[in-house]
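Colleague: I am new to this model and would like a close look at a single part of it, taken slowly.

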Amino acid sequence: MLSSTPELAAAADETWDLIIIGGGITGAGVLREAARQGLRAVLLEQGDFASGTSSRSSKLVHGGLRYLSSGQWRLTQHSVREREALMRDAPGLIENQPFSFPVFKGQKPGLLVTRIGLALYDTIAGKYRARRLSRSELPEFVPGLTTRDVDGVLYFEDAQTDDARLVLRLLQEACSHGCAAYNYARVSDYLQQDGRVTGVRWFREKDDQCGEIHARAVVNATGAWAQRMGGRAAPKLRPLRGSHLIFDAQRFPLPSAVSFLHPQDRRPVFAYAWEGAALLGTTDLDHTEDLDREPRITEAEVDYLLQAAARAWPGLALGRADIIATYAGVRPVVDGGADNPSAESRESALWQQPGLVSITGGKLTTFRLTALEVLAAVQGRSRPAPRPTHIFDAVPDLERPTDCELEVWAHLRGRYGAALAQLVAGAQAGDFARIGPGLTVWAELRHAAGQEAVRHLDDLLLRRTRLGLVLPDACRALMPQIRAVCQPQLGWDDRRWGNEEGAWYRRWQSHYSLPIGNVAA
């Protein structure tokens, strides 16, 4: 079951093959593949599902063009092939994303070398889309892009997703096949017998509930926290912060995504339409703050990203007043000693001791390959099991409600998969009307509040939906309607709702708006 900790005590009476610690993309992928292999597995997440790195990524399912340029051929090959499989299996959740890539004069690599790199990128994927855009095509693909000091603009394709909903779909499918997933259950320690890890102790700070769960093996998939729970032989991690700005799409129109090198340090930055808004990212900085404190963007990062926008779109004159939200995440990168954080490898790292397998690093795109590698280690096999033909379960052939737009229906099918039937069954009149600029509809809020283990308002507005990022001012204007739809489903009394709403506004102001004061990077 996908649930929160009040029901977790019953799991102590179950017989489990596997306990997974961490409810991000890696843990969710391991749970899904464990279910496919017939294992009884349970997942515990210290916060909300996907509340760490896996809801704070750049939302791109990509082969890693920059990894190709740094010689990480294997990572690029695996990523490109998984990208293609994800787009095939989950349309509406993972979507093709056209990219424009302006090459500025004096930039290295230059136009010719970049074109060769894109051709190689397409060759690995087995599809050939990369080309140079003509000057007449620029207004269609990149309106407002400067032509000053630009040698040429290249076109290629990758993909984008809603990273949190990707995690949730994997968890829901695993739970439908006999596994279980619980949020807000922090693992405090391992249980051991004769030098072997045999289970975990968990607790919940809010009411001091605690318990033990036993299993044949434990997987530590806690991402940036993996070193803390990693036992012996844990590699040194280098947490890196990536921050993003979100703009109103009317102010920053983006028919295609745009990727280019930042004028300051030649790091790739991206801008693209996402969930009805425009997203600009990302930074790549050493994150030296306490990992238990939620990351936030700094003033220096805001300046850095606005400088990038000014280089490519000087005529838009984007400034702080145009930013409707921000977010920051911490990437779990293995420390390879590189001077430049962006030069560190994004390959995953796996280490183990009796009864415990730990995994960290890796990429959103390759979560399935990572999961199969982990399960091979758990089972003592020298190589992973063959990749399944399909990544996700088939979506049931449901009749589209008459008041649901075709584009919205594709969005719902991709995000909810087999759970779509339950969402439709619970919908009320008017629930398929859109909320805000994207494709999110009221039926999603109603379903999430009643069926998706929501314990706090930010679970609902940051991860079950992304309304807290793409609507201005923390959704204040729509909060009465949100309350009317969700409060009965959540079972919160008026006092609880008031407390949650106040906590949400404070959290949004401190971590998802512009930083208060001059915070150094």
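Colleague: Is Y121 buried or exposed, going by its relative accessibility? Please start from that residue and describe its surroundings.

Modeller: Bear in mind that the model is predicted, and that what follows is computed from it. With a relative accessibility of 1%, Y121 counts as buried, because buried means under 20% relative accessible area. Y121 belongs to helix α4, which covers residues 111-125, while its ring partner F156 belongs to strand β7, residues 150-161, so the pair ties together parts that are 35 residues apart in sequence. The ring centres of Y121 and F156 are 6.3 Å apart and the planes stand at 75°, so this pair is edge-to-face. F156 also counts as buried, at 3% relative accessibility. The two rings are part of a wider group, since ring pairs link F99, Y121, F156 and F270 into a cluster, and the structure as a whole holds eight aromatic pairs.

Strand β7 is worth following a little further, because D158 lies in this strand and R83 in helix α3, residues 73-89, and the pair they form ties together parts that are 75 residues apart in sequence. The link between D158 and R83 is a salt bridge, in which the closest N and O atoms are 2.6 Å apart. D158 is buried, with a relative accessible area of 4%, and R83 is buried as well, with a relative accessible area of 1%. R83 also forms a salt bridge with E84, where the closest N and O atoms are 2.9 Å apart; E84, however, is partly exposed, with a relative accessible area of 23%. These bridges belong to a total of 45 salt bridges in the structure.

For a comparison with the ring pair at Y121, one can turn to F252 and W313, which form an edge-to-face aromatic pair with 5.0 Å from centre to centre and 80° between the planes. This pair links distant parts of the chain, 61 residues apart: F252 sits in the loop between β12 (237-248) and β13 (257-261), and W313 in the loop between α7 (299-312) and β17 (323-334). F252 is buried, with a relative accessible area of 1%, and W313 counts as buried at 2% relative accessibility.

Finally, an aromatic ring can also face a charge, as with Y155, where R131 lies over the face of the ring at 5.4 Å from the ring centre.

Conventions: Residues are numbered from 1 along each chain as its sequence is written. This is a predicted model: local features need pLDDT of at least 70, side-chain atom pairs count only at pLDDT 80 or more; totals for chains, interfaces and linings use all residues. Side-chain values use heavy atoms; hydrogens and water are left out. Rings of Phe, Tyr and Trp (its six-membered ring) pair if their centres lie within 6.5 Å; planes under 30 degrees apart count as stacked, over 60 as edge-to-face and the rest as tilted. Helices (H or I, at least four residues) and strands (E, at least two) are DSSP runs, numbered from the N terminus. Buried means under 20% relative accessible area, exposed over 50%, partly exposed in between (1.4 Å probe, protein chains only). A charge sits over a ring if NZ of Lys or CZ of Arg is within 6 Å of the ring centre and within 35 degrees of the ring normal. A salt bridge is a side-chain nitrogen of Lys or Arg within 4 Å of a carboxyl oxygen of Asp or Glu.
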